[in-house]
Amino acid sequence: MAKYYNEPSRTFSEYLLIPNRTTKQCMPSNVSLRTPLVKFNKGEEAAVHLNIPFASAIMQAVSNDTMAIALARCGGISFIFGSQSIETQAEMVRRVKKFKAGFVPSDANLRPDQTLGDVVDLTARTGHSTIPITEDGSANGKLLGILTSRDYRIHKSGRDAPIAKFMTPFEKLVYGEEGTSLSEANEIIWEHKLNCLPIINKEQQLRYLVFRKDYDQHKENPDELVDAEKRLVVGAGINSRDYKERVPALIDAGADVLCVDSSDGFSEWQYETIRWVKSTMGDHVKVGGGNVVEEEGFRYLVEAGADFIKVGIGPASICITREQKGIGRGQATSVIEVAKARDQYFEESGTYVPICSDGGIVLDYHVVLALAMGADFVMQGRYFARFDESPGRRLRVRGNYMKEYWGEGSDRARNWQRYDVGGDTKLTFEEGVDAYVPYAGRLKDNLDLTVGKVKSTMCNCGALSIPDLHRTARITLVSAIGIREGGAHDVELKESDISPET
């Protein structure tokens with residue numbers, strides 16, 4: 001006989017938060033949204049944290065390198081979509097890791113015996129206008145000089161002119177020595193009015209470059225999410241088909257964390273994928289699993305070795321899995337049950353496995369509800385698809401600016417690996433739609449507003465951190481009439497084109 005869950009599965013819109021006592025310390029400026037991304041043992045720190053609990057979805061219409069850079073600069077993480085060739089996905093990861101932030105390994109170098117033609121070609125290929133000149137042309141060769149776009153005029157000197165004639169030689173360079181801190185490097189940059197400071201070792205070998213513009217940009221982005229080498233943190237999606245080729249390529253490109261992208265993670269294919277990553281690549285390679293909606297699926301993927309678990313089947317605005325297959329569960333109920341399983345597992349094993357609420361968030365306060373119910377961070381698609389940084393085109397539709405947004409299960413995406421059912425069967429019917437979302441402008445402007453709402457709501461709940469919220473949140477169910485009461489009602493809303501009487 002089938003097993004029945006008699007309690008209805010519920011959505012975030014069916015709940016409200018009950019305020020706790022707001023102390024004088026409960027101010028948004030005191031709230032920390034730092035949260036673990038990957039599992040850790042009791043008494044230890046997670047290897048990777050987020051500075052804000054936001055991840056962009058593993059979707060063609062959402063997470064490319066442009067989105068990953070913008071979101072990491074704000075403190076969150078993007079998982080670059082895997083429904084593309086291994087080479088193009090790895091290149092997107094490289095572009096994120098090469099983005100200028102703090103100490104940057106040089107990836108545009110030439111020898112002094114090369115020509116301005118080589119400079120022009122290298123600049124066209126990389127976009128870099130500051131080129132270290134090393135003895136052997138390598139990134140860590142002996143530094144002999146620096147060439148910038150201000151040092152030559154190609155139309156006057158010609159492509160055949162030697163670099164050595166135009167570069168600033170080492171004897172005239174201002175540089176920092178290995179071990180110089182970022183703050184010290186920036187002081188040198190400001191004192192000498194430099195745009196770029198090379199960092200060398202005792203053998204005069206180039207180690208890093210520090211750029212003035214990175215200092216300015218970092219001041220604007222205090223929550224910027226960077227690795228030990230001050231490079232932006234980026235994730236990447238993988239599937240259960242070509243992971244043996246894709247995973248090494250993504251790790252080589254610099255991906256900080258991977259995630260198996262699947263509509264239903266409670267499968268032997270995903271189990272084997274995660275086990276292979278851990279056994280072959282090593283435990284230092286971090287990989288998330290999902291999606292699941294209950295305790296059994298959670299424990300299955302934890303046993304496989306997953307570093308975090310994504311929760312949610314069918315709640316996304318673009319997803320029609322429930323409509324097509326009748327598979328899924330209300331997102332709030334899913335998060336609540338998996339969070340209980342996570343806490344129970346932590347008590348038993350001493351290992352904390354973060355969970356991600358993936359989908360079902362319509363309003364900003366739903367983020368706080370997801371966190372209060374036990375999620376460590378949330379993953380969103382529609383929210384991020386609206387911004388300048390998303391891959392979709394901006395179009396004018398019926399007089400309004402919109403952005404394209406399509407599901408991974410749509411015919412447009414053709415991401416059949418995400419809905420893998422074994423064998424050679426491809427995507428025979430759609431589980432996602434092709435649509436538009438209202439254009440909303442720049443990511444940072446919108447995300448700052450959302451983060452402000454999250455922090456303010458947490459203050460009302462008497463919580464200064466996400467762990468505080470997990471422990472102390474009080475949540476109530478809301479009736480259908482109560483939901484209506486929560487919005488504007490029984491009034492005639494003003495129209496913007498009506499002028500007041502004089």
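Two strands count as paired if DSSP finds at least two bridges between them; helices (H or I, at least four residues) and strands (E, at least two) are DSSP runs, numbered from the N terminus. What you have open is a predicted model, where local features need pLDDT of at least 70, side-chain atom pairs count only at pLDDT 80 or more, and totals for chains, interfaces and linings use all residues. Residues are numbered from 1 along each chain as its sequence is written, and side-chain values use heavy atoms, with hydrogens and water left out.

Start by selecting strand 14, residues 257–260. Val-257 and Cys-259 sit on one side, Leu-258 and Val-260 on the other, and all are buried (under 20% relative accessible area, 1.4 Å probe, protein chains only). In a regular strand the side chains alternate between the two faces of the sheet.

Now add strand 15, residues 286–292: strand 14 pairs with it in the parallel sense over 3 bridges. Look for Val-257 opposite Lys-286. On the way there, helix 8 (residues 268–281) completes a right-handed β-α-β unit with these two strands; right-handed means that, with the strands pointing away from the viewer, the path from the first strand over the helix to the second runs clockwise.

Next, pick strand 13, residues 235–238, which is parallel to strand 14 over 4 bridges. Here Ile-238 faces Val-260. Helix 7 (residues 243–253) joins strands 13 and 14 in another right-handed β-α-β unit.

Last stop: helix 11, residues 331–349. Its buried residues include Gln-331, Val-338 and Arg-342. Just after this helix, click Gly-350, with a positive phi of about 80°.

Technical notes. Expected span 1.5 Å × (residues − 1). Buried < 20%, exposed > 50% of the residue type's maximum accessible area, 1.4 Å probe, protein only.
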